[in-house]
Structure formats: C-alpha cells, structure tokens
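Let's work through a few exercises together. Take a look at the structure below, then try each task before you read its solution.

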Amino acid sequence: MMLGPWLDYTVNGLIIGNIYALLAVGLALIFGVANLINFAHGSVYTVGAYIGWASITFLHTPLPITLLLVIVGCGLLGIAIERVGLRALHGRSRIAPLLATIGISLVLDQLVQLICSPDPRALPNQLGDRRFQIGGGTIGTLDILIAGIGIGSAALLYLFLRFTKLGWAVRATAQDQDAARQMGVDTDRVNMTVFAIASALGGVGGVLVGMYYNDIDPNMSFDATLKGVVAMMIGGLGNVPGAIGGGLLLGLTESYGIALFGSSYRNLFAFALLILILVAAPNGLFQRRRETPPEPLTGTFVARSRPVRLPPWLVAGAVVVAALLPLTNQPYLLQTLTNGLLSALLALSLTLVAGTVGQISLGHAALLAIGGYASGLLALDLGWPVDLGVPAAGLITAALGTLLVYPALRMRGHYVSIATLGIGQIVALVILNWTGLTRGAMGLTGLPPPEIGGFDLTSVRSVYWLVLALVVGIALLQARLLSSHLGRAWRAIREDDVAARSYGVDANRYKAMAFAFGGFGAGVGGAITAHVYSYIDYQTFSATLSILALTMVILGGLGNIVGAILGAVVLTALPEMFRFAADYRMLAYGLVLLLLIRYRPQGLLGTV
Amino acid sequence: MLDRRSLLAGAAAVGVASFARAGRAADAPAIVGVSGPITGPMAQYGAQWKASFDLALEQSKAAGGPAVDYVFEDSQADPRQSVAIAQKFVNDDRIFIEIGDFSSTASMAASPIYQRAKLVQFGMTNSHPDFTKGGDYMWSSSISQAEEQPNLADYAVNALGLKKLAVLHLNTDWGTTAKNLFVKAAQDKGADVVATEAFLPGEHDFRSTLVRIRDANPTGLVLEAYYADAAVIARQVRELGLKQPIAAVGSVYSPKLLELGGDAVNGMFTQSNFFPDDPRPEVQAFVKAFQAKYGRAPDGFNATAYDTMNLVIALVKQFSATREGIHEGLAKIKDVPSVVYGSMTFDPTTRRVAGAKFERLTVKDDKFVLWDGTKPNLG
C-alpha cells in the first residue's frame, strides 16, 4: 500500500488531536483536583472564542492582546463558576456539582446566544497563514501554535504541580481534601486557582480553534465537551500529561477510521475507542502503575438524605386527579403532561439504574431510540399490530440494552457515566449508518398511531390515559421490586460494591437485571413516543435527552420512584411555562435548575 | 432567600397562566401560528424567519392589507416541544394557519395533530419527500430537491464540464435526498461520481475526508450543505492544496458564506432561486426594503419566509382567515407573486410548488455574481 495518504491521515489526525488535547488538559486538571467532570468546559471554550471575536472586531487588538484578554476573561469566568456555582455544593455529594456544571453550561450557552445572536461569526486568523508542505497536504502556522500551546501548557502545568508550593497544595488537595485542609492548605484557594487556569486554557482553545475554522457559533460547546471528555478518559482521569496523549490518539483513531470506512463513521470509531479503553485499561493508557481509581468506593457518589415520605393517600389522590384531568378540556396541558409522562418512563428506568444501583448512566435516551425503532420497524416492515409491537419493543430493548451495557457493568462511578455516554452515541450512530435496516437519515415515516385491540388511539386524551396507566403500572412494579430482596441487593451494590460482593451478591448479575427491567420500561416509552409522533429519526432521542433525563432523576431524588415521575413532569412543563419569556426561556430554565441544585441537591423528594 | 416552596408556587402560578392562554374568544384578530427554533442549535433560522415576517406584515399593513398577526412559539426544533405547540395551536381558535417547524424531525412529529384538527401545516423549509404525504393539510413551498438537483447536475456536468465528481453531503434527510437525486441526475448526464462522503451537522474537521476525496481523483467537488459547512469545507479544500472547482447546492447562498469562507470560496459555483441582484422587480423591492429595515442583505431563508407571509396575506385577501378557507384557498390560489418562484401556484395533489427559478451564480472577488459562462480551468 502507498505510504503517501497514510502520512496525510496521520498528520490530519494529529492536527485535530491537538485540539482535543487542549480541551482535555483543562478537563483533566479540574478532574484531578475537584474529582469532577466539568460539563461547562465546552461553554467556557465558546465564551473564550466570543471574547476573542469581540476584542478583534470592536477593539482591533493584535493577537497577543487578544489572547491576554481571553485568558483574563475566561480565568475570571472560571473563578466565578467555582465560587458561585460549585463551592456551596462542596461535600454534599459528587453528583450535585456534576449536575451544576450541566446547568452552568446551559446558562452560559444561552447568554452567549442572547448577547451575540445565534448566527455563526467569522473569527479572522491574526497569525497570518504561512503553510508548509507535509506529505500531500499542508500545515499552517496556526496548527503549530495550537500544538505548541497544548504541549507547552501541559509541560508548564506538570512543572507547576511538581515544583511549586501552590502546585504541591493542588496535588495534596487532589489526594485528600480534608487532610490537606488539616495541614493548613487553603483548599478553596486551590480550587479557585485550578478553575482559573483550566478555564483560561479552555478559552484560549476556543479562540484558536475559532480562528482555525474561521467560524464560531454558540452551539460549539457540546461537541467540544464531548470530545474533550473522551480524550481525557483515554489519557486517564485527571492525568494532565496523559490528556495530551489521549487527545492525539483520539484524533488519529478518527482520522484512520475515516480513511478506512468514510467520514460518517468517524464518531463511531471515537466512541468505540473510548469503550475499548474503559474496558481494557480503565485507568487510562498513560498511568504508570495500577493505582486505585480516584473514585468513591462507597455510596458517597449519591447524596444521602432522608426521603420525604409521602402519605399513600396523597399519591393515590394525585393519581386520581391525574386520571380525571382529561375531563376538563385542556388539550395543550394534556399533551404537555403526556410528554412529561413519556419522559417519566425514561426517568423511572434511570432512577432505578442510577439511583438504586448507583450506575449513573449518561446514555439512557439510547434505550428510547432502540424501543422506538424496534416497534416502528415491526409495524412498518413486518406489519405487526402496534399493541403487539410495543411490548415486543420493550423486550427487545431490555435484551439489547443489557447486552450493550454489559462491558460497563464492572465499572464504577464516573467510568460508568462516560461509558454509557459513549454507548448512547454509538447507538445513535449505528441507527444513522445502518441504512438498510433503519433507513438512515431519512428516519421512519408513516408510523401508525398507538392502538389497543384494533382501536387506534389518536386523541390526546386516550394517549394520555394509556401513558398514565403505564407509568402507574411500572411505578408500582418497581416499588414492589425495591421492597423485595432484589431491592436490598441493588442498594447493597450501590452502598459498597466490594462488601456486597464479599457477601456473595453477584453484582454484575444484579446490575444486568436492573438494566433489563429499566430497559423494558424505557423501550415501551420510546415505542409509544414513536407511534404518537408518527415520525422518528436518529435525532429524535438525542444525547441532550439523556442529560435531561438525568436532571429529572436527580431533581426528583435519586432512586425515588415518585420523585422521578415528579421530576419528569416538572422539567417537561418548565420550558412550556417559560414560553412567555420567549428568547429568555432556556436561560430561565437553566437558572431555575441551578437554584434547585443549590438549595435541594438531594432532589425534591430526597434519595431513597 | 428564595426557598423551594415559593419558587415552585411562583412557577406553578406562571404555569397555570401560560397553559390557560390557549383557546380564547374567536372574535380576536386572525393569527398565524409559527412553530420554530428561537433558542437552541437552530436558533439562527428562527431569527431569520422573524425578520422577514415582520417586514411582510409591516408592508401589508402600510398598504392597508388585512389584519393579520403571528405568534412565534419556540420549539428548539425539538419534536417534544413541537407536538405540545401543535396542541396549543389547534385548540386556539384565533389560529387559522400554522407555519413550520424548521426540521423534519420536529415538523413531521406534529403533522398528525394538525391533520386531525384540520389546520394547515405549512412547512416552508420541509423538503423531506414524505412531509406532504402526512395528509391533505400538509403543504410546502420548499424547493423540491427533485427539481433542484437535476438543475445543479446540469450546471456541474454540462455547463461547467465536470465529468468526474466527488460529492460531500450533510447526513440528514435533506442532505441524503439531495445527494441521491444529484448522483442519479449526474450519472444520467454521463458523469462519473467517484466518491460520496457524508458528514454530521456541526462537524468542522474535514481534512481526512478530503484526503479520501483527493485520492479518488475527481475533476470537481459538489457540496450538498448549508453555508456554514460549505465555507469550512471550502477552506480546508484549499488548505489541502486541492485546486478542483467546487459546485454547491442553492442553500449555500448566503452573505455568510462569503464572510466565513473568505478567499477559499472565490470561484465557487452555485445556483440560487433567490439572488439580490436579480433584476426582477419583486426581488428588487424586497431587497431594498429588507436592506432599509435591517441594514444587511437578505439570504434564501429570508426570502422563503417573506414569500410565505405574503402568501398568507394573499390567501386571507382572496379567501378567508379561517382554517377551511386556507385549506381550500391553497388548492385554488394562482400566481401569487414570489421572490423565490416568480409566481407561486400549488399542485393540489403533491401540495408543493413547481417551477422554481434557478440563477447560475459564482463567487468573484468576494461577491456573488451571475455566472458569465466561462468554464473553469480544469488544468
């Protein structure tokens, strides 16, 4: 085979890998100290790009000044995120800050969009564009600068952590926050410093990448976070030099993936690599020795609290009111509640997996997609009646979902979250690319409406009743399971995996059972959604829905069945309630979410 | 301090108020319901719609036209929200026609609700071939790709003389449909399609994809993409050192292409059904008015939205501002003046408009100009 193109693919992989590395360094730094995957990192990167754009456009600054402004601006933003958004959540639980970063990211993205308009903007390259011939292609000065800043900052950070007093304080805080504080380390200051450095780096990354493509827009955050997290994971959680290697390896994998199979498979390769690394070398590729992962071994990942005990008559009364609601003529309200209840099917599934068993899944919407496509294809291709197809879709989802998540079963804490995030992306990409089965990007059109015994359910009212009945049924079943020995085994695994195993609980088997039960409910939910919409494609159940589902579950209280339903209905209704706020709607939603996390991190009804 | 109870109580009060707004008295002014993205990843398109709707209504009002107004509900182009909006609209007696949503994912999920309620869903951007098959209340003025792609193929293959083509397309229902139709048309005209590559929305790194394309040795590249993607692709094509001419579908036509693409888009060939320098009087009037109100040149999305609101006004004038009136009117109305089509008449069986005009354009000195017939140098 010719060497020529492979040299080009390698160079291209390294160039894009550079960008991932720059993102991953900041994420790794924050993870190392705060033990937190900062989902707002991509938003800081976007803010950095816009600060650069504004200073070039309005102040006509030369490159060094532009970069300085970005560093200062994003550094301050990082400090603000730590001080205002996260410090108050300290020591409550691991999951509250994670959720807070998701909320902060939402708010930042919305602010950028409101201030700078959603239009893409050109960000002119101030470096001049000298290009050097390498192989069949060229690299420019900007490519070299991006690589220089990535590697240079990683080296500087390495030296800083190793040889300065503040660096020692950072490492001490990373190892044991309480012990560090006892030794007189001002851990708040350490956290703040780390957020400032990481955010400044993220912002610089945003500007440089924006210049590289000459295109910035307010929606570049999510992809940036996603690729940065994957790169960091490959390098090893919290491993700063490893992040560089992780980024480059990710870039190379994508590039070779494109070379072999074409560009629509690039992300499939990226996420397959992620899963492979997580299974084969969960500490990342660049850990020198096998250290125990910096993860809580006991249940500190989930907040402890006393659940709010709702009297049974209140719950029963609420169900009766909900069942009678269609008699008032409020179709918009009913549709919103139906959407909320369909989300509740997903939330019930996730609250079992994440709350009761402690496996925080960030790819749960994939179960809806599997259910929707299974039922849709059974109806369209095999002519199955919908009332047979929907339960069959539930079973298919249970089986397929458990199988897919199988590699993640022996993982803990953040590793599960990232693995499920990857699996969720893989499912969406397979749906998109397996055109022969799923019709690819065209989606499934003309799906028949839900039916029972040959009667089509087309009115809002009848669909609402159907979904309500399903939610109540599955909730009762789940409550029954939780009070059985199965529920105790699940909670034992959550509280202390090792202890549970040493008592003879086969943890993997019980986790698989939770995913199977949860998969059934979510699959049925996805199937009904598909038939109500009559059209689904690979974007109908997107990654943002997975994150939304997690916020629903945490908002309701992890593991709390009534809480999950409440969280789903509230978070579906909130954006509808804020319609009066028009352009500010999602900003208001993000702020309310942040307030809820701040004042009620254990969820509305508390963790069970 | 704001505690949970007062927060929730406040939210609930707001909620009840907002849910109760639907379905008010019928004697209020006639209202067009618009479902589209104002926030989220597609927000830029919603903003473009708004600009054109406001302009069209302002002009109609100044000319003493009928009292029509619109409400714009933000769907984020998300099906969960577009179905809720659909319920809100169909149960609001003031609303006599619905426009949107932007993406097929969101539009087609809401179609069954509009169809059952007998409210016309006018999908002005919904080119998915199955959109109007959702029922006899689904209508669209979107340019049919079945019409545009053979035109583009003719431009690329016959006029520009590109016989070995590589196609890059957006991996969505629109991009895939466009690619399939283009490939078929180009092959019918005797061209070879040596590579097709799909990319995801939002993707920015095309270097490795372009290496694949380079090694397939095409004489020309064809882009089935929107302007932002096309600009990024064109820059990387030139950075890689590829000199082949690029031809692109009409949706790249936007002043933003020039801004984002810079030098790299010079020499790009495209066609547009809307071109501000088009001497037709309806185009000139629109461009002048838009420029005066917003201080910038309109693009194709602006033109489509402007046409649509004018169509609604014409329907109200000739028929009535009622749901049935609109449904009957769309089948009967003839030769509505249009920036995009010259004049619009719907085919009552496909519920789409035929006969879009395509101007052949090229980018020269950072401006779109009419193509002067010079073939590119294929050296």
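The exercises below deal with a predicted model, and each one comes with a worked solution.

**Exercise 1. Find the two domains of chain B and state how far apart their C-alpha centres lie.**

Solution. Start with the domain assignment: it gives domain 1 of chain B as 28-143 + 285-348, and domain 2 of chain B as 145-272 + 359-370. Next, take the C-alpha centres of domain 1 and domain 2 of chain B, which lie 29 Å apart. To finish, look at who takes part in the contact: 13 residues from domain 1 of chain B and 10 residues from domain 2 of chain B.

**Exercise 2. Work out how much area is buried between the two domains of chain B, and which three residues of domain 1 supply the most on their side.**

Solution. Begin with the total: about 900 Å² is buried between domain 1 and domain 2 of chain B. Carbon and sulfur atoms give 53% of that area. Then turn to the side of domain 1 of chain B, where Ser127(B), Ile143(B) and Asp299(B) supply 40% of the area buried against domain 2, more than any other three residues.

**Exercise 3. Describe the interactions between these two domains, and the side of domain 1 that touches domain 2.**

Solution. First, count the interactions. Between domain 1 and domain 2 of chain B there are zero salt bridges, but four residue pairs are in polar contact. Second, find the elements: helix 2 (43-62) and helix 11 (300-318) of chain B each give two or more residues to the side of domain 1 that touches domain 2. Helix 2 of chain B has the largest share, with three residues. Third, sort this side of domain 1 of chain B by class: six residues are nonpolar, six are polar and one is charged.

**Exercise 4. Now describe the interface of chain A and chain B in the same way.**

Solution. Step one is the contact, which takes 74 residues from chain A and 70 residues from chain B. Step two is the area: about 6500 Å² is buried between chain A and chain B, and carbon and sulfur atoms give 55% of this. Step three is the interactions. Five salt bridges are found across the interface of chain A and chain B. One salt bridge joins the side chains of Glu203(B) and Arg266(A), at 3.0 Å from N to O. The count of residue pairs in polar contact between chain A and chain B is 29. Step four is the class: the side of chain A that touches chain B has 37 nonpolar, 23 polar and 14 charged residues.

How values were computed:
Residues are numbered from 1 along each chain as its sequence is written. Chains are lettered from A and ligands numbered from 1 in the order in which they are written. This is a predicted model: local features need pLDDT of at least 70, side-chain atom pairs count only at pLDDT 80 or more; totals for chains, interfaces and linings use all residues. Side-chain values use heavy atoms; hydrogens and water are left out. Domain bounds come from an automatic or database domain assignment. Contact means heavy atoms within 4.5 Å. Buried area is the accessible area (1.4 Å probe) that two parts lose on being put together, summed over both. A salt bridge is a side-chain nitrogen of Lys or Arg within 4 Å of a carboxyl oxygen of Asp or Glu. A polar contact is a pair of N or O atoms within 3.5 Å; within protein, one must be able to donate a hydrogen and the other to accept it, and residues adjacent in sequence count only if both atoms are side-chain atoms. Helices (H or I, at least four residues) and strands (E, at least two) are DSSP runs, numbered from the N terminus. Ala, Val, Leu, Ile, Met, Phe, Trp, Tyr, Cys and Pro count as nonpolar, Asp, Glu, Lys and Arg as charged, and the others, Gly among them, as polar.
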